[in-house]
Number of protein chains: 2
Amino acid sequence: MDTESGHDADLARTYRRDCPSRTVIEVLANKWTLYVLAALRRQDGPMRFNDLRRLLEGITQKMLTQTLRALERDGLVRRTVYPTVPPRVEYALSELGVEVGRLTTAIADWSIEHAPEILDSRRTFDAHASADVRPLPPAYT
Amino acid sequence: MDTESGHDADLARTYRRDCPSRTVIEVLANKWTLYVLAALRRQDGPMRFNDLRRLLEGITQKMLTQTLRALERDGLVRRTVYPTVPPRVEYALSELGVEVGRLTTAIADWSIEHAPEILDSRRTFDAHASADVRPLPPAYT
DNA sequence: CGGAATCCCATCTGATACTG
DNA sequence: CAGTATCAGATGGGATTCCG
């Protein structure tokens, strides 16, 4: 079942404009998706909307709603509404969401771990770049 | 060295607005980054600009340049220029790039594998959504 | 509490033209 | 070949207001 062979051949499909996986990646490769997945993954149980909002510093209500909706639509997040007053809405990863959450969290972990050297690389790059840009001779206006 | 403990505590830093990892993730979680990393990872050797462009269906020259530049700045991609005529420019993953490429490629693979059920989930979700939206009573406008 | 709706600006992205 | 420069349109994303 799990054909490890033909792996690269499959991956190549991603490069095609009409590959369905592109629409999936589009959802995953977005500003807040990775954080939301990581946050939901930390918890044992589900999380409420405002808990997520407080946890994810800087996210707006609109973006959180939008991100959660997209993930719910894709079947990665399960949303449960308790018709109480005030309303109580809980979010949890589906099995699919747990799977992909493992992958995205690996990226988050990696980013934390290697942030120092990457920031270093940026400083070097930027320094050289600005050195390379010579001002135009005044004649050019 | 590799402190597997304190894992979650570290990850929590990602949620903070000023965590450096956020700027790293910002580069990775972008429309074309994942594809470029995957493409460079397939090759044993480096790839030329137009080879990449042809491989990644739909990417424009501008976006490819921009994405490669960002990855180079972060030290994930190494750019080599051969001062010939016409010029020859080769791109290859750095060691850091190979590392992160493994992680992003895992996501691409996963997306390909699960695209069918995710698309299914979307269809179901969208069908219910449109069913839930009742037209307003004419009296309202 | 958990949103929806609206406004609005910033950036992202693509198309096009030009260059060493 | 491998870009840069520029412009216009689409989209992303934030702030605010309002609602069940």
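In this predicted model, 57 residues of chain B are in contact with 57 residues of chain A. The two chains bury about 5500 Å² between them, and carbon and sulfur atoms carry 65% of that area. Polar interactions also cross the boundary: 28 residue pairs are in polar contact between chain B and chain A, counting pairs in which both residues have pLDDT 80 or more. The salt-bridge rule finds six such bridges across this interface, among them the one that joins B:Asp126 to A:Arg73, whose closest N and O atoms are 2.4 Å apart.

On the side of chain B that touches chain A, the elements that give two or more residues are α1 (7–11), α2 (20–28), α3 (33–42), α5 and α6 (95–132) of chain B. Of these, α6(B) gives the most, with 22 residues. By class, the residues on that side of chain B divide into 29 nonpolar, 12 polar and 16 charged.

Within chain A, the unreviewed UniProt entry annotates residues 19–119 as "domain: HTH hxlR-type". Over that range the chain is 63% helix and 14% strand, and the C-alpha atoms at its ends lie 34 Å apart.

**The surface near DNA strand D**

DNA strand D is surrounded by 19 residues, of which the closest are A:Lys62, B:Arg48, B:Gln61, B:Arg79 and B:Tyr91. Of the atoms of DNA strand D that come within 4 Å of the protein, 63% belong to sugar and phosphate. A base oxygen of DNA strand D is found 2.2 Å from a polar side-chain atom of A:Lys62, whereas the side chains of B:Tyr91 and B:Arg69 each place an N or O atom by a phosphate oxygen of that strand, at 2.5 Å for B:Tyr91 and at 3.1 Å for B:Arg69. Two or more residues of this surface come from each of α5 (61–73) of chain A and α4 (49–55), α5 (61–73) and β3 (88–93) of chain B, with α5(B) supplying the largest share, four residues. The surface near DNA strand D comprises eight nonpolar, five polar and six charged residues.

**The surface near DNA strand C**

Around DNA strand C there are 18 residues, and the closest are A:Arg69, A:Arg79, A:Tyr91, B:Lys62 and B:Met63. Sugar or phosphate accounts for 61% of the atoms of DNA strand C within 4 Å of the protein, and bases make up the rest. For this strand, α4 (49–55), α5 and β3 (88–93) of chain A, together with α5 of chain B, each supply at least two residues of the nearby surface, and the largest share, four residues, comes from α5(A). The residues of this surface divide into eight nonpolar, four polar and six charged.

**Polar side-chain distances to the DNA**

The table sets out side-chain distances for both strands.

| Residue | DNA strand | DNA atom | Distance |
|---|---|---|---|
| A:Lys62 | strand D | base oxygen | 2.2 Å |
| B:Tyr91 | strand D | phosphate oxygen | 2.5 Å |
| B:Arg69 | strand D | phosphate oxygen | 3.1 Å |
| A:Gln61 | strand C | base nitrogen | 2.9 Å |
| A:Arg48 | strand C | phosphate oxygen | 2.9 Å |
| B:Lys31 | strand C | phosphate oxygen | 3.1 Å |

For DNA strand C, the polar side-chain atom of A:Gln61 is paired with a base nitrogen, while A:Arg48 and B:Lys31 are each paired with a phosphate oxygen.

Terms used:
Residues are numbered from 1 along each chain as its sequence is written. Chains are lettered from A and ligands numbered from 1 in the order in which they are written. This is a predicted model: local features need pLDDT of at least 70, side-chain atom pairs count only at pLDDT 80 or more; totals for chains, interfaces and linings use all residues. Side-chain values use heavy atoms; hydrogens and water are left out. UniProt positions are given in the numbering used here, feature names are shortened, and annotations may be inferred rather than shown by experiment. A residue is near a molecule or strand if one of its heavy atoms lies within 4 Å of it. A polar contact is a pair of N or O atoms within 3.5 Å; within protein, one must be able to donate a hydrogen and the other to accept it, and residues adjacent in sequence count only if both atoms are side-chain atoms. Ala, Val, Leu, Ile, Met, Phe, Trp, Tyr, Cys and Pro count as nonpolar, Asp, Glu, Lys and Arg as charged, and the others, Gly among them, as polar. Contact means heavy atoms within 4.5 Å. Buried area is the accessible area (1.4 Å probe) that two parts lose on being put together, summed over both. A salt bridge is a side-chain nitrogen of Lys or Arg within 4 Å of a carboxyl oxygen of Asp or Glu.
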